[in-house]
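Student: I would like to learn how to read helix packing and buried cores from a set of coordinates. Could we work through one case together?

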Amino acid sequence: MLRNHEIRLVLLSMSTISLVMLIAAAFLSLAAVVLVLITSILLIGCSLLFTRVRYHEIEKLSGYLRQISGGDYSLDVRDNREGEISILKNTIYKVTVMLSEQSALLHKDKIHLTDAISDISHQLKAPLTSMMVMADLLDDPQLPEAKRAEFTRNIRIQLERLDWLVSSLLKLSKIDAGTVQFKKDQVIVAKLIEKALQPVLIPIDIKEQTISITGEDNVSFLGDLNWTTEAIINVLKNGVEHTQVGGTIVISFSENPLFTEISIQDNGKGISKEEITSIFKRFYKGKGAGEGSSGIGLSMAHSIITKQNGDIDVQSEVDKGSQFRIRFYKRIV
């Protein structure tokens, strides 16, 4: 404690004042000298005791802070007494709790990032391996022309899949990073559905499925037409993929003072209760997923919709079909 420059300075100042008072008391009487001497000793002693207690508390706080910097957030220094030291302890405890929560989040993000990199590597590795095998086979001069055309077509399909996968991952990363600026235009739902149906009309035609659309032409919501179209396309693709040949997909939309709702219902395979809680997770592929499924379509749809003051949920029953309900809530001023 005495190594502290400030404490030594305080002791020197108090000793100097005491000495001056003793000299002044010497001109009065011996009793005055004794009284001043006793008072000075008591004052200096009390100051030293008080300073030692405060110094000890500060030393404990310094040790606590060193433990925090080492990653130990388990100590509790909260103090319900009055005073600056108690306020400082409570403030440090609050900061410790915040650091603990941030550390837990960072650890969770680190695990998520590791899993995401692993999933992305797996998603890219499958088509790349397939293309490498087919490219090696194409080098064979004895390969029949029919097989050569088949392998060339398959390589093109895999390249298109890779292009879509990389594009989707980039879009997801932009949404996650918060760099996407969603527009707040008046989106007419009928036009939105018409635009979203275009990319899935061919697979619908191939599977001879029936599309039914019901809703008023003036139903709308505030949002981003292009990004919402992306979300609806992914939901529709999921429905087309999991609905059998000759199946039906029913699209309906409506509006009320609270929200605008879009419903996409199919009579396909349905989703089991065990899987229904996971279908919006990134890279999750259900038991009935197709070979080319990447497991990011519904995840991206969920991210796009929730970022626009909306939500999406699903009700499903195995062998009876699924219904996705998308709601965009009105903004209350």
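Tutor: Let us start with the rule for naming the angle between two axes: under 35 degrees counts as roughly parallel, over 145 as roughly antiparallel, 65 to 115 as roughly perpendicular, and the rest as oblique. Please keep in mind throughout that this is a predicted model.

Student: What elements does the chain contain, and how much of the chain is buried?

Tutor: There are nine helices and seven strands in the chain, and of its 333 residues 32% are buried. Among contacts between residues at least 6 apart in sequence, 68% join residues at least 24 apart.

Student: How should I read the packing of α5 and α7, and at what angle do they cross?

Tutor: The axes of α5, residues 189–197, and α7, residues 225–241, come within 9 Å and cross at roughly 55°. Since that angle falls in none of the named ranges, α5 and α7 are therefore oblique to each other, and α5 passes α7 in a right-handed crossing. On the α5 side the contact is made by Leu192, Ile193, Lys195, Ala196 and Leu197, while α7 supplies Leu225, Asn226, Thr228, Thr229, Ile232, Ile233 and Leu236. Sorted by class, the residues in this contact of α5 with α7 are eight nonpolar, three polar and one charged.

Student: And which term describes α4 against α9?

Tutor: Here the axes are 10 Å apart and the angle is about 30°, so α4 and α9 are roughly parallel to each other. The crossing in which α4 passes α9 is left-handed. Ser168, Lys171, Leu172 and Ile175 of α4 meet Ser299, Met300, Ser303 and Ile304 of α9, and by class this contact of α4 with α9 has four nonpolar, three polar and one charged residues.

Student: How do I get from helix pairs to a core, and which residues touch the most other members of the largest one?

Tutor: The general idea is that in soluble globular proteins nonpolar side chains tend to be buried together. In this model the largest nonpolar core has 42 residues, of which Ile232 and Ile262 touch the most other members. The elements giving two or more residues to this core are α4 (145–177), α5, α7, β4 (248–255), β5 (259–266), α9 (297–306), β6 (310–317) and β7 (321–329), and α7 gives the most, with seven residues.

Student: What does Ile262 touch, if residues up to four places away in sequence are not counted?

Tutor: With those residues not counted, Ile262 touches Val189, Leu192, Ile193, Ile232, Ser252, Phe253, Phe324, Arg325, Ile326 and Phe328. There is also a second, separate core of six residues, which includes Met131, Met134, Phe151 and Ile155.

Student: Is Met131 buried or exposed, and where does it lie?

Tutor: Burial is read from relative accessibility, with under 20% counting as buried. Met131 lies in helix α3, residues 84–138, and because its relative accessibility is 11%, Met131 counts as buried. Leaving out residues up to four places away in sequence, Met131 touches Ile155, Gln158, Leu159 and Leu162. Met131 and Arg156 are 25 residues apart in sequence and 9.0 Å apart in space, C-alpha to C-alpha.

Student: How does the same reading go for Gln158, and what is Gln158 in contact with?

Tutor: Gln158 is found in helix α4 and is buried, with a relative accessible area of 17%. Apart from its neighbours within four places in sequence, Gln158 is in contact with Pro127, Ser130, Met131 and Met134.

Terms used:
Residues are numbered from 1 along each chain as its sequence is written. This is a predicted model: local features need pLDDT of at least 70, side-chain atom pairs count only at pLDDT 80 or more; totals for chains, interfaces and linings use all residues. Side-chain values use heavy atoms; hydrogens and water are left out. Axes are lines fitted to C-alpha atoms, for helices over the stretch in contact, and angles run from 0 to 180 degrees between N-to-C directions. Helices (H or I, at least four residues) and strands (E, at least two) are DSSP runs, numbered from the N terminus. A crossing is left-handed if the near helix is turned anticlockwise from the far one by less than a right angle, and right-handed if clockwise. Contact means heavy atoms within 4.5 Å. Ala, Val, Leu, Ile, Met, Phe, Trp, Tyr, Cys and Pro count as nonpolar, Asp, Glu, Lys and Arg as charged, and the others, Gly among them, as polar. A nonpolar core is a set of buried Ala, Val, Leu, Ile, Met, Phe, Trp, Tyr and Cys residues joined through side-chain atoms within 4.5 Å. Buried means under 20% relative accessible area, exposed over 50%, partly exposed in between (1.4 Å probe, protein chains only).
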